[in-house]
Amino acid sequence: MVVSAARTPSLPATSHGSRIVSTDDQSPDGDASPGRRSRRRKTSPEPTPNQRALSLLVRREHSRKELTRKLCVKGVPRSEAKAAVAYMTEAGWQSDERFAENLVRSRAAQGQGPLRIRAEMSSHGLDETIIGAALACCEEDWSRLAFNLVQRRFGPGLAEDRELQRKAAGFLLRRGFSMEQMRRATQSSEFDEFFEEGFL
């Protein structure tokens with residue numbers, strides 16, 4: 001007699017609300033398994049213009065013009081961006097004066113001259129009074145900075161080499177130093193003065 005193989009009984013489906021859910025899909029308490037549930041992704045609320053402005057200011061100083069532009073780029077309407085910047089200024093978080101002073105120190109450390117730095121501050125829409133005060137507060141001796149730059153770039157032979165002096169002059173003018181600062185840094189007659197002052 002042929003004995004047929006025993007069939008494994010299928011697990012019964014149970015009713016779960018209006019949907020038929022297999023017992024394989026159930027958690028011990030009878031609910032559908034969390035892995036099978038549809039999950040809703042939580043969305044964070046859109047930051048306000050003030051929050052966006054503050055987020056930028058805690059990273060570094062910004063001018064009013066720059067901060068307004070960045071908020072507009074992020075999709076903030078211009079009127080709301082200007083209102084947020086005005087609030088940040090009134091609260092002391094934003095200051096064109098602090099921005100200007102930091103910019104002068106930073107650019108001087110990079111070897112840029114006062115004319116180039118002044119032009120950059122003007123591009124930020126800063127008032128001429130703020131620009132002048134920031135440059136005046138800088139303790140940098142621009143002629144000495146220019147001299148130091150050409151010494152590092154062209155070497156001590158600059159004092160006797162007219163061709164090197166010509167190249168150094170163009171180099172300093174492109175970096176934003178004045179004609180007077182350039183002359184003091186490149187003309188051989190001025191080198192003795194720097195040595196006497198103990199600059200080298």
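A salt bridge here is a side-chain nitrogen of Lys or Arg within 4 Å of a carboxyl oxygen of Asp or Glu. Keep that in mind for the close-ups below, which come from a predicted model where local features need pLDDT of at least 70, side-chain atom pairs count only at pLDDT 80 or more, and totals for chains, interfaces and linings use all residues. Residues are numbered from 1 along each chain as its sequence is written, and side-chain values use heavy atoms, with hydrogens and water left out.

**Figure 1. A salt-bridge network links Arg60, Glu66 and Lys70.**
Let's start with the charged side chains. Arg60 and Glu66 pair up at 2.5 Å, N to O. Glu66 also takes part in a salt bridge with Lys70, this time at 3.9 Å, N to O. Lys70 and Glu66 sit four residues apart in helix α2 (residues 64-73), about one turn of the helix. (Helices are DSSP runs of H or I with at least four residues, strands are runs of E with at least two, and both are numbered from the N terminus.) Which of these residues is buried? Glu66 is, with a relative accessible area of 9%. Here buried means under 20% relative accessible area, exposed means over 50%, and partly exposed is in between, using a 1.4 Å probe and protein chains only. Arg60 is partly exposed at 38%, and Lys70 also counts as partly exposed, at 22%.

**Figure 2. Glu163 and Arg166 form a salt bridge in helix α8.**
Side chains of opposite charge can pair when their charged atoms come close. In this view the N to O distance is 2.4 Å. The two residues are three apart in helix α8 (residues 162-174), so about one helical turn separates Glu163 from Arg166. Glu163 is partly exposed at 39% relative accessible area, while Arg166 counts as exposed at 52%. How many salt bridges does a search of the whole structure find? The search turns up eight.

**Figure 3. Arg52 is buried in helix α1.**
Arg52 belongs to helix α1, which covers residues 49-57. Its relative accessible area is 17%, so Arg52 counts as buried. Skip the neighbours within four places in sequence, and Arg52 is in contact with Glu46, Pro47, Leu71, Lys74 and Val76. Contact means heavy atoms within 4.5 Å. Arg52 falls within residues 51-87, where UniProt (an unreviewed entry) places the feature "domain: RecX first three-helical". UniProt positions follow the numbering used here, feature names are shortened, and annotations may be inferred rather than shown by experiment. Over that stretch the chain is 73% helix and 0% strand, with the end C-alpha atoms 11 Å apart.

**Figure 4. Phe154 and Phe171 make an edge-to-face pair.**
Rings of Phe, Tyr and Trp (its six-membered ring) pair if their centres lie within 6.5 Å; planes under 30 degrees apart count as stacked, over 60 as edge-to-face, and the rest as tilted. By this rule there is one aromatic pair. The ring centres of Phe154 and Phe171 are 6.0 Å apart and the planes meet at 80°, so the pair is edge-to-face. Phe154 comes from helix α7 (residues 142-154) and Phe171 from helix α8, so the pair ties together parts 17 residues apart in sequence. Both rings belong to buried residues: Phe154 has a relative accessible area of 18%, and Phe171 comes in at 9%.

**Figure 5. The largest nonpolar core has 28 residues.**
A nonpolar core is a set of buried Ala, Val, Leu, Ile, Met, Phe, Trp, Tyr and Cys residues joined through side-chain atoms within 4.5 Å. In this one, Val104, Met121, Leu135, Trp142, Val150, Leu172 and Phe177 touch the most other members. Two or more residues come from each of α4 (96-109), α5 (114-123), α6 (128-137), α7, α8 and α9 (179-186). Which element gives the most to this core? That's α7, with seven residues. Domain 2 (95-140) and domain 3 (141-199) each supply at least three; these bounds come from an automatic or database domain assignment. Zoom in on Leu135: leaving aside neighbours within four places in sequence, its contacts are Val104, Pro114, Ile117, Arg118, Met121 and Trp142. Another core lies apart from this one, with ten residues, among them Ala53, Leu57, Val76 and Met88.

**Figure 6. The whole chain has ten helices and two strands.**
Now zoom back out. Along the sequence the pattern reads β-β-α-α-α-α-α-α-α-α-α-α. Of the 200 residues in the chain, 34% are buried. Among contacts between residues at least 6 apart in sequence, 51% join residues at least 24 apart.
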